[in-house]
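Colleague: Could you take me through the surface, the pocket and the charged pairs of this chain, giving your reasoning at each step?

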Amino acid sequence: MLKISDKKSLILNLIYTGLFAVITICFVIRHEIWADEAQAWLIVQNLGFIDLFKHLVNEGHPSLFYLLIMPFAKLKLPIFFMQILCWLSTCFSVFLLWQFAPFQKTTKLAITLSAGFLYFFPVIARSYSLLPLLLFLTAILYQDKNKHPIFYSILLVLI
């Protein structure tokens with residue numbers, strides 16, 4: 001059961017995350033897809049699962065991002081779904097930062113308002129937008145890594 005101060009903190013952190021989400025979705029909606037972003041979408045849309053791995057040796061990016069966007073591309077959904085994936089990943093990262101990071105509020109605010117979190121991670125649909133989420137989850141789980149070694153190991157591999 002959450003204490004009253006914990007509930008207040010959770011509500012405030014959800015509000016901060018909500019404000020961040022509203023601001024950044026405005027940027028996402030107005031962002032025109034660049035060629036390197038579209039390339040990732042076209043690769044997963046046109047290649048099969050096995051062919052994707054054969055092709056990725058030439059791409060220089062980890063396969064996780066391609067595997068995450070592949071179902072959306074195969075269903076012939078708009079490329080906007082790739083942007084939404086990156087935006088959601090960053091929004092969850094901001095929530096984890098505000099909820100669990102042992103920093104002062106000014107530090108959390110500085111991180112949240114940095115160029116990376118306001119633009120590069122949520123707006124530009126590239127594989128690095130998943131890193132804050134994976135890193136924050138790993139940092140949160142670090143103290144309990146011996147209790148959950150498999151989950152912790154999976155996070156390390158995904159990074």
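What follows is a short exchange of questions and answers on a predicted model.

Colleague: Which residues make the nonpolar surface patch, and what is its area?

Modeller: The patch is made by Trp 34, Tyr 119, Phe 120, Tyr 128, Leu 131, Leu 135, Leu 156 and Ile 159. Helices α7 (115–123) and α8 (131–142) each supply at least two residues of this nonpolar patch. The area made by these side chains is about 690 Å².

Colleague: Is Phe 120 buried, partly exposed or exposed?

Modeller: Phe 120 lies in helix α7, and it is one of the residues of the nonpolar patch. Its relative accessibility is 39%. Because buried means under 20% and exposed means over 50%, Phe 120 at this value counts as partly exposed.

Colleague: Which residues line the largest pocket, how do they divide into nonpolar, polar and charged, and what is the volume?

Modeller: The lining consists of Leu 96, Leu 97, Phe 100, Ala 101, Pro 102, Phe 103, Phe 136, Ala 139 and Ile 140, with α5 (80–100) and α8 each supplying at least two of the lining residues. These residues divide into 9 nonpolar, no polar and no charged. The volume of this largest pocket is about 160 Å³.

Colleague: How many salt bridges does a search of the whole structure find, and which residue forms one with Asp 36?

Modeller: The search of the whole structure finds 2 salt bridges. In one of them the closest N and O atoms are 3.6 Å apart, and the residue that pairs with Asp 36 is Arg 126.

Colleague: Where in the chain do the two residues of that pair lie, and how many residues apart are they?

Modeller: The salt bridge between Asp 36 and Arg 126 links distant parts of the chain, with Asp 36 in helix α2 (residues 35–46) and Arg 126 in the loop between α7 and α8. Their separation along the chain is 90 residues.

Colleague: Which class of exposure does Arg 126 fall into, and which does Asp 36?

Modeller: Arg 126 has a relative accessibility of 7% and therefore counts as buried. Asp 36 has a relative accessible area of 33%, so this residue is partly exposed.

Colleague: Which residue forms a salt bridge with Lys 147, and how far apart are the closest N and O atoms?

Modeller: Lys 147 counts as exposed at 66% relative accessibility, whereas Asp 144 is partly exposed at 25%. The residue that pairs with Lys 147 is Asp 144, and the closest N and O atoms are apart by 4.0 Å.

Terms used
Residues numbered from 1 in each chain as written. Predicted model: local features only at pLDDT ≥ 70, side-chain atom pairs only at ≥ 80, totals over all residues. Heavy atoms only, no water. Patch = residues over 30% accessible without salt bridge, like charges linked within 9 Å, V, L, I, M, F, W, Y side chains within 5 Å. Areas by Shrake-Rupley, 256 points an atom, 1.4 Å probe, with all protein chains shown as cover. Helix = DSSP H or I, 4+ residues; strand = E, 2+ residues; numbered from the N terminus. Buried < 20%, exposed > 50% of the residue type's maximum accessible area, 1.4 Å probe, protein only. 1 Å grid on protein atoms, 1.4 Å probe; cavity = no way out; pocket = protein on both sides within 12 Å on 5 of 7 lines; lining within 4 Å. Points joined across faces, edges and corners; volume = space filled by probe spheres on them. Nonpolar A, V, L, I, M, F, W, Y, C, P; charged D, E, K, R; others polar.
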